[in-house]
Amino acid sequence: MLPSTLTSDEQRNLATNICLFLSHYTHLLDSYIIEFFTEELWLKLPYSWQVALQDLSYPQIADLLLDSGHEDRRYPSVWPLSLLAYRATAHALAFCRNSRRRHRVGASSGSSSIPEEFHENLSQSSLLVHIFRKHVKAKKQHEIHKLGHLVKELCEETGCSRVVDVGSGQGHLTRFLSFGLGLSVTAVEADCTLVDMATRFDGQLLWALEKEKRRKTGSELPGQESAPRHVTAWVNPRGTWMDFMKQLNSTGTRRKSQCGPEHHMGCCHPAQTRCSPVVQEWTPQTNICAEGFNSRDHDFILTGLHACGDLSATLLRHFVNCPHVRGITSVACCYMKITTEENPVPPGVVEAPAPTLDSDPSVFGYPMSSWVRSLTGHRLSYKAREGACHALEDYVSRLKDQSELLRIHCYRAILETVIRDTRPELRRAGIQTIKKAHKLDFTEYARLGLARLGLPLDLDLDQNRVCGLLQQQRKVVVFFSLTLLLAPVVETLVLLDRMVYLQENGVNSQLVALFDPNFSPRNFVLVAVKPRPPGGHTLPSSQ
């Protein structure tokens, strides 16, 4: 399914079909793999599915279930039509996630596809000069290069030279847009610590550029006038576009007390990058011209790279309502943090001030469109949205390589039985990640997990029972793979809802699989431009 080829009627029909499909498989969609044993999830599968799937090898699970591109399917037994229909429908309803240019390296059939820019060096993109690679992991290098050029093309299409990057984090995309592509950029970030880091990195980059200028007399390198402007502000999902504009026009010195809630509004898991010492102190300009963003000449493009939870939906609403926003590129993530009418404050999300009308469903992150809101079966549970964040391509690679990492779900499911035997009320207790858990035997894993919950470490584990449960690891992997098939379908519904919302407000959009999904699982970019009469604009082609 190619999202850019769908008409508005086809978008609505697809959303309808997805809701109907998902409503038939809520027992898979809402299941937690850690409850595989405590809730006897395997026995909830049709018996014919159990027989067909229980003896599959890990590579067979990948090829026969998850890998939609695998053509030479050889079944070890006759599969029931209901299972074949489930797999085929899940693949057919989900948007195609493959970006155009990919390069496969390595001899193993399970080797990940990586972008060609990393063919020579897996940690350094050949498409970025060294000053834009500093402090930036390979995944982010890939993203900022591709998204940066798409934003630049959008600016050229609309005649805008200004960009507002919301949820800018440490400013990696911001620096590439401003210093690399010559755009005037305002970066908005709620976390003042990340803003301080971004400002420091800006200074280091300018210092490196100044050093380069001295070495190459007469070279045309960007100077301080290209520096981005940083605004420390939390974008309230319940705020109006006028509130947002006031934030963009804010000036003055940043103070710790001015930080927004302790909630990173970009990617919810910012990289913990160790900062190099600053050789030369430098503070970017924080003032803007008196006209600010209130002049027609200062229309701008809105962008957000992996804007977390409701932030992506909020930016789309500001794009629709604010007359100064001409275009948008929206890359979403953390769907489980999207607010819904049934779950207005998901775990880990800062509660926004209540809207003027508490009963108004349009204030939530999903659904945004009236059409999807009207569909029977449109509701998505927290678990369904959390599942949509899983990286299907990465799991396929693990299956094909028969990775030891596959045992972790089984370990956690067994530990859940141990926890509930001792403390039945501790259902689905959160346990911090245990490093290199796949390298541990279960007894050591259990000891570390129990310690994180403050439970006694001398629990007498029934080793015969544990051994029997460990032997069911393959069933755990099969069941998780069945649920993982639904992840791209749920993501498709969430993104479709946003496309239909834009169309309902008179704006056409494209959904571009811009990033390589093996590198960046949330690889879709929603691109839209407001028509400006006379003539209007066409959407830029994806790169």
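Here are legends for four close-up views of this predicted model.

**View 1. Inside the largest nonpolar core.** There are 112 residues in this one, and Leu22, Leu53 and Leu482 touch the most other members. Helix H18 (residues 487-504) chips in with 10 residues, the largest share of the core. Zoom in on Leu22 and, leaving aside residues up to four places away in sequence, you'll find it touching Leu29, Leu380, Leu486, Val489, Val490 and Leu493. Elsewhere sits a second, separate core of 31 residues, with Leu154, Cys155, Leu173 and Leu206 among them.

**View 2. The loop around Cys96.** Cys96 sits between helix H5 (81-93) and strand E1 (103-104). Its relative accessibility is 29%, and buried would need under 20% while exposed would need over 50%, so Cys96 counts as partly exposed. Look for Thr492 too: it is 396 residues away from Cys96 along the chain, but their C-alpha atoms are separated by 9.5 Å.

**View 3. The open sheet and its edges.** Follow the 7 strands in the order E5-E4-E3-E6-E7-E9-E8, and you'll run through mixed pairing. Strand E5 (229-232) and strand E8 (509-513) are the edge strands; each has a single partner strand, so one side of each has no neighbour in the sheet. On average, neighbouring strands are turned by 15 degrees against each other, direction ignored.

**View 4. Strands E7 and E9, with helix H6.** Strand E7 (residues 325-333) and strand E9 (residues 524-529) run antiparallel, joined by 4 bridges. One pair to pick out is Ser330 with its bridge partner Leu526 in E9. Helix H6 (residues 138-158) packs on the sheet, touching strand E3 (162-166), strand E6 (300-308), E7 and E9. The direction of H6 makes about 155 degrees with that of E6.

Technical notes. Residues numbered from 1 in each chain as written. Predicted model: local features only at pLDDT ≥ 70, side-chain atom pairs only at ≥ 80, totals over all residues. Heavy atoms only, no water. Core = buried A, V, L, I, M, F, W, Y, C linked by side-chain atoms within 4.5 Å. Buried < 20%, exposed > 50% of the residue type's maximum accessible area, 1.4 Å probe, protein only. Helix = DSSP H or I, 4+ residues; strand = E, 2+ residues; numbered from the N terminus. Contact = heavy atoms within 4.5 Å. Pairing = 2+ DSSP bridges. Axes fitted to C-alpha atoms, helices over the stretch in contact; angles between N-to-C directions.
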